[in-house]
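Me: I'd like a close look at one part of this model, and then how that part sits in the whole chain. Keep it informal, please.

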Amino acid sequence: MSGIYIHIPFCASRCIYCGFYSTTGLELRQKYVDVVCKEMTMRAASAPIETIYFGGGTPSQLTPEQLRQLFLYINKVYAPHVTEVTIEMNPDDVTPEYAETLSQLGVNRVSMGAQTFNDERLRFLRRRHSSSQVYDAVRILREAGICNISIDLMYGFPDETLDDFRRDIDAALALDVEHISAYCLMIEEGTALHRMGVEAADEETERAMYEMLIDCLTAAGYEHYEISNFARPGYRSRHNSSYWNDTPYIGLGAAAHSYDGHCRSWNVADIRAYIAAIERGELPCECEELDTDTKYNDRIATALRTRDGLNLGELDERHRQYCLTEAQRFIADGLLEIVDNNLRLTRRGLFVSNMVMSELMLV
């Protein structure tokens, strides 16, 4: 199985926490779509395409006609046999007409950034939608026949209490969506949030919120299958799981990343430089060939994020012995466990996952 990721970097406005590559230059949309279609013809697929993911940015800033153009080229170039087609959307972009277009094009999964159901915090984040629009968007998508919906939640806001976050969790559960992703608010250097000098919630509060999140969502029947992701049975994100399962994928568009099992590459994170290079017939990317130690480190960093964990049988003898030796102290401390030859984090280990993974990696 292989997947396609298409980066749509356009946003009507920038959220203050966002560290992803994006632009508000909406006048470049058509030229960008034309160039992404040309890049498709320049990048061959080495395996059947089974998942497609439109990420951003805000992919729902594309017009229905521009989406149709992209799907026309995807079908012409890759002839995919897809099981999952996801598009990220802002709730305020979801209209009956747009949802019907998505359904007609074969989109069967929508990921929306709800973030919070507190309108004051939404304004703080510079989000364009209100909490009521999230409910409207879910209803509209279901009426259009799109029955696999994911929402993003955020926690760890300045001055946010456990009761505040519990209200957000309850609001998310009331939507009865198939998938919920939840992330602690990160203050990344270079973002507007960082320049504002905002302080994140303290570590103890963040941990308590994460504990509550796990308890509430698993009690409601969601599977906690990755550190930040929860799904109804059968509704794990297949595309995102490919990143954690060492599956090759093709990245199209400015700042998009690709992986073929041996090399990883990334396109230039500059829309004008990207457009100019593709128009010259050049792929605007850098490539890194992965040696066996780097691939081992990558597997530690990705597989251990998942509830399934790292299949020790997939490692060569040298890496398996190193991994098992380093893991022993964490197993003894109750942070790691081995189940059916899979090394995985325990619930306690989730809270110190970065430390555990870094200790298992080769220097």
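Me: Let's zoom in on Cys-287: is it buried or exposed?

Reply: Keep in mind that this is a predicted model. Cys-287 is exposed, and its relative accessible area is 54%; the cut-off for calling a residue exposed is over 50%. Cys-323 is a handy contrast, since it counts as buried with a relative accessibility of 0%.

Now for the sulfur of Cys-287. The closest cysteine sulfur belongs to Cys-263 and lies 3.9 Å away, which is too far for a bond. A pair of cysteine sulfurs has to be within 2.5 Å to be called a disulfide, so Cys-287 and Cys-263 don't make one at 3.9 Å. Searching the whole structure gives the matching result: zero disulfides turn up.

Stepping back to the chain around Cys-287, there are 14 helices and 15 strands. The radius of gyration is 21 Å, close to the 21 Å that the globule rule gives for 363 residues, so the chain is as compact as a globular protein of that length. Along the principal axes, the C-alpha atoms fill a box of roughly 55 × 50 × 40 Å.

Of the 363 residues, 52% count as buried, and Cys-323 is one that does. As for contacts with a separation of 6 or more, 71% of them come from residues 24 or more positions apart.

On the outside, the accessible surface adds up to about 16,200 Å², with 48% of that belonging to carbon and sulfur atoms. Charge-wise, the chain carries 35 positive and 55 negative side chains, and the centres of those two sets are 3 Å apart.

Key: Residues numbered from 1 in each chain as written. Predicted model: local features only at pLDDT ≥ 70, side-chain atom pairs only at ≥ 80, totals over all residues. Heavy atoms only, no water. Buried < 20%, exposed > 50% of the residue type's maximum accessible area, 1.4 Å probe, protein only. Helix = DSSP H or I, 4+ residues; strand = E, 2+ residues; numbered from the N terminus. Rg over C-alpha atoms; globule rule 2.2 N^0.38 Å. Contact = heavy atoms within 4.5 Å. Areas by Shrake-Rupley, 256 points an atom, 1.4 Å probe, with all protein chains shown as cover. Lys, Arg positive; Asp, Glu negative; His and termini not counted. Charge placed at Lys NZ, Arg CZ, Asp CG, Glu CD.
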